[in-house]
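Me: I would like to go through some labels and ask what each one rests on. Here is the model.

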Amino acid sequence: MSVLRERIAAREALRGPFMAIPSPVAVEIVAGAKPDFICIDCEHSPIGDGLLTDMIRAADVAGVPSLVRVRGKAAPNISAALDAGACGIVVPHVATAAEAEAVVRAARFAPEGARGAGPGRAAGHIRDIGTLVERARRETVVAVQLETLDAVQNVDAILAVPGIDVAFIGPGDLEVDRVARGASETLEALIDRVIAAADAAGVPAGIFTPNREASARWMKRLAFVIEGSDALWLTQASDQALAPLG
Ligand code: 3PY
């Protein structure tokens, strides 16, 4: 199987969940269902760096690539995820070209960026720093999450930044921002604008979906989908299992 970054660039149909339950066991369970990837969600969970490493390790054992949605745009969040061995990052709330440039700088080694070559897990604990740099140049996935009106406004400039692999749409946050700011454009129209810009820039677009039905609809149009989460599934399953007996 080719690496995730190549599969994304080839626009293979790829679908995987967020993992928000802070547990390598949860990763093992979900990885057993053979998703194309998992995306460990540090933005909306209490997953710290130590546990993140164990969750990536569990995904590696199962042969499932792990992306990490980092806690925020700051460079230390990005390097912590990549040094722990994630094959890529999803960076929330990217809204300007300058922010996109900072993401690429933090995520890519020179000459594309300025990531520090540290002796972390991704470097075989210093045994493989040369291999790390060479592999990361080929394999590290950089996804920017576009989820505000500002991001839509600036989408052409954001996607003109070299080194971005996925324009990932966050429809939930985009809708919150749209309503809060009283925008007249519909959510669908805003999403269409991002997809059109991504097509024009030659950058694959992706989107978050709440369930498999929504994924089936979106995957007629987009190749990359993050669907639901382990926490969402556990919520739904427990509500159903513990509903009052009829
Ligand atoms: C969104 O839909 O805005 C998301 O961030 C999904 O987690």
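Me: What makes the pair Arg 115 and Asp 83 a polar contact?

Reply: Their side chains are joined at 3.0 Å. A polar contact is a pair of N or O atoms within 3.5 Å; within protein, one must be able to donate a hydrogen and the other to accept it, and residues adjacent in sequence count only if both atoms are side-chain atoms. The 3.0 Å between Arg 115 and Asp 83 therefore meets the cut-off.

Me: What kind of model is this, and how are residues numbered?

Reply: The model is predicted, so local features need pLDDT of at least 70 and side-chain atom pairs pLDDT 80 or more, while totals for chains, interfaces and linings use all residues. Residues are numbered from 1 along each chain as its sequence is written, and side-chain values use heavy atoms, with hydrogens and water left out.

Me: Why is Arg 115 called buried?

Reply: Its relative accessible area is 7%. Buried means under 20%, exposed over 50%, and partly exposed in between (1.4 Å probe, protein chains only). Arg 115 is at 7%, so the residue counts as buried.

Me: Why is Lys 34 called exposed or buried?

Reply: Lys 34 has 63% relative accessibility, so it counts as exposed. Lys 34 also has a positive phi of about 60° although it is not a glycine.

Me: What is the label for His 93, and why?

Reply: His 93 is at 30%, and therefore partly exposed. His 93 too is not a glycine, yet has a positive phi, of about 55°.

Me: What joins Ala 110 and Pro 111?

Reply: A cis peptide bond, with omega about 10°.

Me: Which polar atoms lie by the ligand's oxygen atoms, beginning with Gln 145?

Reply: A polar side-chain atom of Gln 145 lies 2.8 Å from an oxygen atom of the ligand. A polar backbone atom of Asp 173 is 2.8 Å from a ligand oxygen atom, and a backbone N or O atom of Gly 170 lies 3.3 Å from one.

Me: How much of the ligand's accessible area does the protein cover?

Reply: The protein covers 89% of the 230 Å² that the ligand has on its own. Such areas come from the Shrake-Rupley method with a 1.4 Å probe; for residues, only the protein chains shown count as cover.
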